[in-house]
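User: Please take a close look at the nonpolar core of this model and then at one strand with its neighbours. A plain account will do.

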Amino acid sequence: MRKKQFKAESKKLLDMMINSIYTHKEIFLRELISNASDAIDKLYFKSLTDDSVSLSRGDFKIEIKLDKDARTITISDNGIGMSESELESNLGTIAKSDSFNFKKENQDADTNEDISVIGQFGVGFYSSFMVADRIEVVSKAFGEGEAHRWTSTGVEGYTIEPCEKDEAGTIITLHIKEDTENDDYSQYLEQYNIDNLVKKYSDYIRYPIVMEMSHQVPDADNEGEYITEVAEETLNSMVPIWRKAKSEIKAEDYNEFYKQKFMDYSDPLAVIHSKTEGQATFDALMYIPENPPYDFYSKEYEKGLQLYSNGVLIMDKCADLLPDYFSFVKGLVDSADLSLNISREMLQHDHQLKIIAKAIDKKLKNELKKMLTNDREKYEKFFDTFGTQLKYGVYANYGMEKDGLKDLLMFKSSSEDKYTTLKEYVGRMADSQKDIYYACGDSASKIALLPQADAVKQKGYEILYFTDDVDEFAIQMLMEYDGKHFVNICKDDLDLSTDAEKESISKKNEDSKDMLEKIKNALEGEVTAVKLSNKLGSHPVGLSTEGYVSLEMEKVLKQMGGANQGVKAQLVLEINPNHSVLDKLSSADDEALAKYAKLLYASARLIAGLDLENPTELSDTIVELM
């Protein structure tokens, strides 16, 4: 037996490995299984060109054994094994990766598509010291007659000595630490916990991971009694569904995988299964849920796709793979091209990840466009549930994504009681129509009652109904569609008149200038202007706004609170010159005119869906005028 010491630098690194590099102690099992899979890959790779390897692919396996009394976990494989020098080189030198070297040496081989080693950094093995106070590794290299045992209790060093082992391969035995007040190490000696960890992190390792599992079954000889049966079971499914050909997968298979993997009771609304090759090669399996996740609108909700590297789970939710407007998407990405950090728990934020994220974003947009074209009913159901997210996507990041999302937007309109896209709206526009008209409100029915809506519809123009808080903000960011600008029908600069009509209304305003100024003064700064308008249809009065902030924007910003609380739209009180109310105003004395002004302004606010600051005053004025 030879006692050896880790180098001073290695001692520091090992201490970091145990205490800080890994976030979750349970990662140790994933690392050891990944190493075992790599060892088998190497021997399988050798079998492709060396007839002396008697094992076929179906003979390889990884075995886990638990001994609660001895407090040990044993992970063994029948892979390539390690010689004495390899044990010392790979386990005696921290951050020395034999798997990485193997991959590099064979990267140009004709058969390299059959091999995909997982280990890269040579540090995963040492994660076992997070849960074990002593580790024994017995290994025999393929083609050698002697096996060796490597033993270590951590930073104190390690020993290597000859031992007996019949077949090539490696056996790793972890002596699990005793429980402490803060750490329950005994959980790793329970078969159901090991079963769950294998399924969580290593379910798609290509070789069987087997373990003896005990189950209570009815005793056939004694009714009401149970006996314990022990049988070797394969814990992992091995072949991930996303790597199968689409022709091999039924809709029920996709749905069942989704419900089990992502904890949903309903089938998904849509399934997106793709393989991408090029700058980045990866498989993706994504789902659009039928309903929002239960915590979707809470602060606790985390977006992201599961991220795998060669079938090994790296991150449960990689937020960088999904933009916020697709935060509802569930699914996973599996790629061998990822640049992982030393613990394999997180990604380096590199160029490759950005390429994958961009490809996923494009794929999701294209699939939604196909759904919109080919299955309108399904798309409208999707939009009812998640359309607001797309609108936020148009508005967010200064409109950087607006061009990719604008054709996915839908709105109700005055044309029919159903959704319309912007493209469909423009396709129906009259030859004389230059702009896209919209109005905002709590509901389509309330918007339809706006005074300005009458005048626009009388011209034969369609109005888009904006009922979500974000709608107008998104459209303002979009600015135009197909060369047509968006115009709020409740803005002061709405232009529907002919030249003759403009000249006529201008003269009426000039003739009523004194009266309109008195009305404005009576409202004591509540409005920036009072004018006669031919945009009210048959209604006597209405409100419009000047400047960028509309009535709906004011309401939304006030709801947000904070610095937005003081934002106010510049209101314009519009009076219909063709309504009998104008005669009443023209004949009133100054005192009555002031009362009429407040009554009309209050009415206009109510029609626009705005609150009244003093409803008592309105009531008293109505009673007095009666």
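Analyst: In this predicted model, the largest nonpolar core holds 73 residues. Those with the most contacts inside it are Ile288, Leu321, Ile360, Tyr379 and Phe382. Helix α7, residues 351–374, gives the most to this core, contributing nine residues. Apart from this core lies another, made of 59 residues, including Val137, Leu197, Ile205 and Leu313. In soluble globular proteins, nonpolar side chains tend to be buried together.

Leu321 can serve as a point of entry to the first of these cores. Setting aside neighbours within four places in sequence, Leu321 is in contact with Leu305, Leu307 and Val333, and also with Leu353, Ile356, Ala357 and Ile360.

The strand to consider is β3, which spans residues 72–77. Six of its six residues are buried, so by the cut-off used here each has under 20% relative accessible area. Both faces of β3 are covered: one side carries Thr72, Thr74 and Ser76, the other Ile73, Ile75 and Asp77.

β3 pairs with two strands, as follows. With β2 (residues 62–67) the pairing is antiparallel and runs over six bridges; here Lys65 has Thr74 of β3 as its bridge partner. Four residues separate β2 from β3 in a hairpin, and in that turn Arg71 has a positive phi of about 55°. With β7 (residues 169–176), β3 again pairs in the antiparallel sense, over six bridges. In this pairing Ile73 stands opposite Leu174 of β7.

Note on methods. Residues are numbered from 1 along each chain as its sequence is written. This is a predicted model: local features need pLDDT of at least 70, side-chain atom pairs count only at pLDDT 80 or more; totals for chains, interfaces and linings use all residues. Side-chain values use heavy atoms; hydrogens and water are left out. A nonpolar core is a set of buried Ala, Val, Leu, Ile, Met, Phe, Trp, Tyr and Cys residues joined through side-chain atoms within 4.5 Å. Buried means under 20% relative accessible area, exposed over 50%, partly exposed in between (1.4 Å probe, protein chains only). Contact means heavy atoms within 4.5 Å. Two strands pair if DSSP finds at least two bridges between them.
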